[in-house]
Amino acid sequence: MAQDDHSGTELAAADSSHEALAPTASPGTALISSDAFENPGFPPHRPRVTDEDPKKEKRAQRTVYTLFYLSILGSVWAVAAYMLFPIESNDVGAVRLNNMFIGLGATLALLGLGFGIVHWGKAIMDDVELADERHPIGGSPETQAAAAKVFSDSDKESGFTRRSVIRNSLIGALIAFPLPALVLFRGFAPQDQLPVELLSHTMWAKGTRLALDPSGVPIKAADVTIGSAFHIIPEGLAELEHGKLEEKAKAAVLLMRLEPSELNQAPDRESWSYDGIVAYSKICTHVGCPVALYEQHTHHLLCPCHQSQFDVANHCEVIFGPAKRPLPQLPIAVDDEGYLIAQSDFTEPVGPSFWERS
Ligand code: FES
């Protein structure tokens, strides 16, 4: 091939001038090869069964369009499921059904489409082996000059640089264009309260008992053995009639017990734990996923979304990942009956750091 011949010439030239190039070539720029191997070419062409047997080709066609019809069915089912299984406020079961059936429909739609296209390509489309020769990526100086000329001509013709008032007003219009979307997104939040305000407070208050998630049964300090970890909600949350999910999304806590000697506590937080038991917000400070994995031996909490890791022994400081601040700590104590209680709400906003920027 012409390209091969051309490459061969280059290699040969490099070979013959090896001695001369050696002292002057910059590292990484010279192509010197004395043992270039020959292009083995393509292996012999093997016809597919669908190339040789018309019946098998017909069957492959049927398989492909059946997969596409299944995909259509999946898409229609996903839309139907959205209407047949609506999300009822505060009904977790309805959310699950809605997600499951929409997910099944979408899965069928995607798999049908994907498998259909792959099968079409592999079994029915023309089976030809092709090689695309590499070519220099950068344009020639002439092409680059022509491209630069197109830019400068366009600038001259449009007056983009010259007509500064028009240019600046265009830039202003482009900046203003996405603003309505921001206002519309703001409309998703409850109208009577500022989102920052809403997210700054949780159900935790002085004396609220820590309860197991999801049962809502209060937990005693004696139940928390060393090395254990519990998912916790405020007592009373499980019985809420309205806004249960919203409250849970802010107030969810992880409760862990370490050997008190392993806890590295700042002097002003020594009273926030009880005999090695500590409580931290479960809402990741990166973008708000639940931090749900606890490694008992290292005392590390892991957020599965983007792998942020927090060190429980050191105030849940971030030791890895994109989160930028520690998980907020819930100050806890024990009441007269031995139940774990909160000393107050969190002393800082939970969740993504963005919400702190009021
Ligand atoms: S949400 Fe936790 S690491 Fe991104």
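In this predicted model, strand β1 covers residues 210-212 and strand β2 covers residues 229-234. The two strands pair in the antiparallel sense. Their pairing rests on 3 bridges. One contact can be named: L212 has I232 of β2 as its bridge partner.

The loop between β1 and β2 contains P214. The peptide bond that leads from D213 into P214 is cis. Its omega is near 10 degrees.

Strand β2 also pairs with strand β3, which spans residues 253-257. This pairing is antiparallel as well, over 4 bridges. Two positions of β2 show how the strands are matched. H231 has L254 of β3 as its bridge partner. I232 stands opposite V253 in β3. I232 is also the bridge partner of L212.

From β3 the pairing passes to β4. The two strands run antiparallel and are joined by 5 bridges. Here L254 stands opposite Y280 of β4. L254 is, in addition, the bridge partner of H231. Strand β4 is joined in turn to β9 by 2 bridges, and these strands also run antiparallel. In that pairing A279 faces L330 of β9.

Together these strands form an open sheet of 5 strands. Their order is β1-β2-β3-β4-β9, and the pairing is antiparallel. The edges are held by β1 and β9, the latter at 329-330. Each edge strand has a single partner strand, so one of its sides has no neighbour in the sheet.

Strand β4 occupies residues 277-281. Is this strand enclosed or open to its surroundings? Of its 5 residues, 5 are buried, so β4 is largely enclosed by the rest of the structure. For a residue to count as buried, 20 or more other C-beta atoms must lie within 10 Å of its own. The side chains leave the strand in two directions. I277, A279 and S281 point one way. V278 and Y280 point the other way. Residues on both sides of β4 are buried. Two of these residues have been met already: Y280 stands opposite L254, and A279 stands opposite L330.

The loop between β3 and β4 holds D275. Phi of D275 is near 50 degrees, a positive value in a residue other than glycine. D275 has 14 C-beta neighbours inside 10 Å, so it counts as partly exposed. A positive phi also occurs at Q307, where the value is about 70 degrees although the residue is not a glycine. Q307 lies in the loop between β6 (300-302) and β7 (309-311). Q307 counts as exposed because 12 other C-beta atoms lie within 10 Å.

The helical part offers a long pairing to describe. Helix α4 runs over residues 54-84 and helix α5 over residues 92-124. The two pack at an angle of about 160 degrees. Their axes lie 7 Å apart. The angle makes α4 roughly antiparallel to α5, since values over 145 degrees count as such. The crossing of α4 past α5 is left-handed. By class, their contact comprises 20 nonpolar, 10 polar and 1 charged residues.

Helix α5 includes L97. Is L97 buried or exposed? L97 is partly exposed, because 17 other C-beta atoms lie within 10 Å. L97 and I87 are 10 residues apart in sequence. From C-alpha to C-alpha, they are 8.5 Å apart in space.

Across the whole protein there are 10 helices and 11 strands. Of its 358 residues, 18% count as buried. Contacts with a separation of 6 or more were also examined. Residues 24 or more positions apart account for 55% of these contacts.

Terms used: Residues numbered from 1 in each chain as written. Predicted model: local features only at pLDDT ≥ 70, side-chain atom pairs only at ≥ 80, totals over all residues. Contact = placed C-beta atoms within 7 Å. Pairing = 2+ DSSP bridges. Axes fitted to C-alpha atoms, helices over the stretch in contact; angles between N-to-C directions. Parallel < 35°, antiparallel > 145°, perpendicular 65-115°, else oblique. Left-handed = near helix turned anticlockwise from the far one by under 90°. Nonpolar A, V, L, I, M, F, W, Y, C, P; charged D, E, K, R; others polar.
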